Amino acid sequence: MPAGVTSFSWHCSASGGASCTASGSGHLTDTLATFPVGGEVIYTIVASLLNSGVTIINTATITPPVGVTNTAPDNSASNISEAGGNIFLPAILRNAGTP
């Protein structure tokens with residue numbers, strides 16, 4: 001867990017034929033068994049911060065299987081600055097590709 005974060009958990013919901021691990025705590029590392037065109041996966045991250053002024057960096061990395069190209073590789077990271085307390089970081093993945 002990053003410095004300044006006292007708790008960290010995540011939950012996942014999937015639709016459109018996609019699947020994901022339902023929940024966990026600590027680093028979010030998940031492999032999507034199915035992620036068809038039109039599928040959507042939403043990860044919700046909830047964390048508690050110890051100090052105000054802590055900078056949280058939420059980075060999502062997508063590694064497609066062999067033979068599949070990530071058509072939007074520049075949109076896989078975001079930086080969010082938050083004051084102390086509880087934070088909510090949604091990460092939404094959509095497969096809008098061509099079957």
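**View 1. Asn-51 sits in the loop between strand 3 and strand 4 (55-59).** Strands here are DSSP runs of E with at least two residues, and helices are runs of H or I with at least four, each numbered from the N terminus. This is a predicted model, in which local features need pLDDT of at least 70 and side-chain atom pairs count only at pLDDT 80 or more, while totals for chains, interfaces and linings use all residues. Residues are numbered from 1 along each chain as its sequence is written, and side-chain values use heavy atoms, with hydrogens and water left out. Asn-51 has 43% relative accessibility, so Asn-51 counts as partly exposed. That class lies between buried (under 20% relative accessible area) and exposed (over 50%), using a 1.4 Å probe and protein chains only. Look also for Thr-6: the C-alpha atoms of Asn-51 and Thr-6 are 9.6 Å apart, although 45 residues separate the two along the chain.

**View 2. The whole chain is built with six strands and zero helices.** Reading from the N terminus, the order of elements is β-β-β-β-β-β. The chain has 99 residues, and 20% of them count as buried. A contact means heavy atoms within 4.5 Å. Among contacts in the chain with a separation of 6 or more, 60% join residues 24 or more positions apart. About 6500 Å² of the chain is exposed, with carbon and sulfur atoms supplying 55% of that area. Areas of this kind come from the Shrake-Rupley method with a 1.4 Å probe, and for residues only the protein chains shown count as cover.

**View 3. Six residues make up the largest nonpolar core.** They are Trp-10, Cys-12, Ala-18, Val-41, Tyr-43 and Ile-45. Strand 1 (5-15) and strand 3 (40-49) are the elements that each give two or more residues to this core, and strand 3 gives the most, with three. The term nonpolar core stands for a set of buried Ala, Val, Leu, Ile, Met, Phe, Trp, Tyr and Cys residues joined through side-chain atoms within 4.5 Å. In soluble globular proteins, nonpolar side chains tend to be buried together. Ile-45 belongs to strand 3 and counts as buried because its relative accessibility is 5%. From Ile-45 to Cys-12 the C-alpha distance is 8.9 Å, with their positions 33 residues apart in sequence.

**View 4. Trp-10 and Tyr-43 form an aromatic pair.** Rings of Phe, Tyr and Trp (its six-membered ring) pair if their centres lie within 6.5 Å; planes under 30 degrees apart count as stacked, over 60 as edge-to-face and the rest as tilted. By this rule there is one aromatic pair. The pair of Trp-10 and Tyr-43 is edge-to-face, at 6.0 Å centre to centre and 65 degrees between the planes. Because Trp-10 lies in strand 1 and Tyr-43 in strand 3, the pair ties together parts that are 33 residues apart in sequence. Trp-10 is buried, with 5% relative accessible area, and Tyr-43 is buried at 6% relative accessibility.

**View 5. A disulfide joins Cys-12 to Cys-20.** A disulfide is a pair of cysteine sulfur atoms within 2.5 Å, and here the S to S distance is 2.0 Å. A search of the whole structure finds one such bond. The torsion about the S-S bond of Cys-12 and Cys-20 is about -105 degrees, which means that the disulfide is left-handed. Cys-12 is buried at 13% relative accessibility, whereas Cys-20, at 24%, is partly exposed.

**View 6. Ala-72 is in the loop between strand 4 and strand 5.** With 32% relative accessibility, Ala-72 counts as partly exposed. Ala-72 and Ile-62 are 10.0 Å apart in space, C-alpha to C-alpha, and 10 residues apart in sequence.

**View 7. Confidence in the chain is highest in strand 2 and lowest in strand 5.** The score is pLDDT, the predictor's confidence in each residue, from 0 to 100. Strand 2 (residues 23-25) has a mean of 91, and strand 5 (residues 77-81) has a mean of 57. For the chain, the mean pLDDT is 74, and 60% of its residues reach 70 or more.
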